[in-house]
Amino acid sequence: MTLESKNIKNQKLEELKNIFPEIFEDKSINYEKLKIILEDEVEESKSEHYSFEWSGKKECYKTIKTKSNATLKVDEDRAIEGGDNVFIEGDNLEVLKLLQNAYHKKIKMIYIDPPYNKDKDFVYSDTWGDTITNYLIQTDQLRDEGYTTSKTNSTGRRHTNWLNMIYPRLWLSRNLLKDDGVIFVSIDDDEVANLRKVMDEIYGEENFVTTFIWEKRTTRENRRVFSVNHDYVLCYAKYKDSFENIRNLLPLTAKVKERYKNPDDDRRVGTTDTAKKELIKIFDGNETLDTPKSIPLLKRLIQIATKNDDTVLDFFAGSGTTAHAVMEQNQEDNGNRKYILVQLPEATEQNSEAYKAGYKKISDITKERIKRVITKLDYKDGFKSYKLDNSNFQVFKELKKRPNDSFEDIMKMLKMSVFTENILTQDAKHIDIVYEVGLKNGLSLSAKSEEIRTEKYSFIKLYEEQRVFMFCFDKEIQIDIQESVLEDAKLICFDKALTDSTKLNLRENIDLETL
Ligand SMILES: C[S@@+](CC[C@H](N)C(=O)[O-])C[C@H]1O[C@@H](n2cnc3c(N)ncnc32)[C@H](O)[C@@H]1O
């Protein structure tokens, strides 16, 4: 049973081992053998070579490999019952790390509309090390403790900061795509060239599908010499061949293809203006977000890339257009597509209409829109809501407080913590522990939970498809618990609730893990 997010390095090594088992010798890679196999494809190390570099790129790999100490806590107030859709409030880097295990190769389509790196844009800055405290500071959640954050981007490292933000997120999200999955990324002229390079590197140039041009404005902008009316949507497949196979099965007519080649004539995918009007209507006349994407654009992408029960992920959710489009599309073709949205609790401007209408964070807007659309469409399913937060397990909290400890000190402390009374943080709720352990051990956020009480024991059952975890948080557990554990379920309980002999005996008969 693991309490950590997935080890990314090991996962990649496993993938490499599957392709080139012969290059592994005593667990390390024989580079010479790889060169022999690939001949001309392996570049000799030399001072000049073709690559895309910027300051901080090496740290991006560190960021990717650093495991998450965080968790996702159930946010019941904000959910609507039913269905497998998920909304997550939090920084998407931490969230993507937490999803690595349970959602590996589960997502069919990713759509993102990241900050375009305009002066007004808030570009999240990852610090190395304590990412969850960094998150709380950047989202103003530690204001009372004296930390403040600023939205200005004044360091003069504009492209660098943006690249350092986007690279690890794109890298991690690719792991979640199915082999026939596809990603669409909205962008404009400021970063399109950098984004293309980064995507070529992460996805492989050969998996570039196309760049769509989205006409975001139909009115002229007279202030400029050339009026820029469009954004881009870059499209990459995880494996282009697999994607092309499934894409052919979709109702993508020659006429539709033609429209994408020449979208300037196409008014059918909406504009920022129509999207804004739609959003204002949803929020009873209040303007909540400046530049939402249009629902028809998102629906078109969903039609191109998904089948009826696929899952769509958007980890820069903004006002939640992606969820809205998934729901409308499902209603139109009787589909059962699911959405997962991630949105930072970015503070809204105090003088904005959104703030005045009570939406202090953009994530409040996202959730409220999803709820209103569910009501408006009388939609069949609700959504589950989660919040990024500190782990429920004390070990991670302790580790965080002692960043300068040596490895030995940390190991000593980890061992100690196994024997202390408080393996949990003070405010840990049972349901949150259940989902933290479930997620880190491969159960998705739409796994169902249910309370079960027998005469002697209380359980929370967490289940999804064939996998069943039964958590028992009782303080004393005897051998008779095995009669209440369902067949093929794993029992998870506190180590200190069992005597050594009970533990041994139980292990003979049931699948047992202790915390
Ligand atoms: C351009 S907007 C997306 C608009 C969206 N497509 C729509 O139709 O409303 C980008 C969003 O990404 C969010 N964001 C920026 N950094 C983030 C991060 N690290 N994690 C999660 N969301 C983030 C911003 O708060 C912003 O709402």
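**Close-up 1. Glu465, an exposed residue in a loop of this predicted model.** Glu465 counts as exposed because 8 other C-beta atoms lie within 10 Å, and a residue is called exposed when that number is 12 or fewer. Its place is in the loop that runs between β13 (458–464) and β14 (467–472). The phi angle of Glu465 is near 45°, which is a positive value in a residue other than glycine.

**Close-up 2. Lys105, in the loop between α4 and β5.** The strand and helix on either side of this loop are α4 (92–99) and β5 (107–112). Lys105 has 12 other C-beta atoms within 10 Å and is therefore exposed. Phi is positive in Lys105, a residue other than glycine, with a value near 60°.

**Close-up 3. Leu443, a buried residue in a loop.** Leu443 sits in the loop between α17 (430–440) and β12 (448–453), and it counts as buried because it has 23 C-beta neighbours inside 10 Å, where 20 or more are needed. When neighbours within four places in sequence are left aside, the residues in contact with Leu443 are Ala102, Gly438, Leu462, Glu464, Arg467 and Phe469. Of Leu443 and Leu462 one can add that they are 19 residues apart in sequence, while their C-alpha atoms are 8.6 Å apart in space.

**Close-up 4. The residues around the ligand.** The shell is made up of 19 residues, of which Asp113, Gly318, Ser319, Thr321 and Leu344 come nearest to the ligand. Sorted by class, the shell has 9 nonpolar residues, together with 6 polar and 4 charged ones.

Technical notes
Residues are numbered from 1 along each chain as its sequence is written. This is a predicted model: local features need pLDDT of at least 70, side-chain atom pairs count only at pLDDT 80 or more; totals for chains, interfaces and linings use all residues. Helices (H or I, at least four residues) and strands (E, at least two) are DSSP runs, numbered from the N terminus. Two residues are in contact if their C-beta atoms, placed from the backbone, lie within 7 Å. A residue is near a molecule or strand if its C-beta atom, placed from the backbone, lies within 6 Å of it. Ala, Val, Leu, Ile, Met, Phe, Trp, Tyr, Cys and Pro count as nonpolar, Asp, Glu, Lys and Arg as charged, and the others, Gly among them, as polar.
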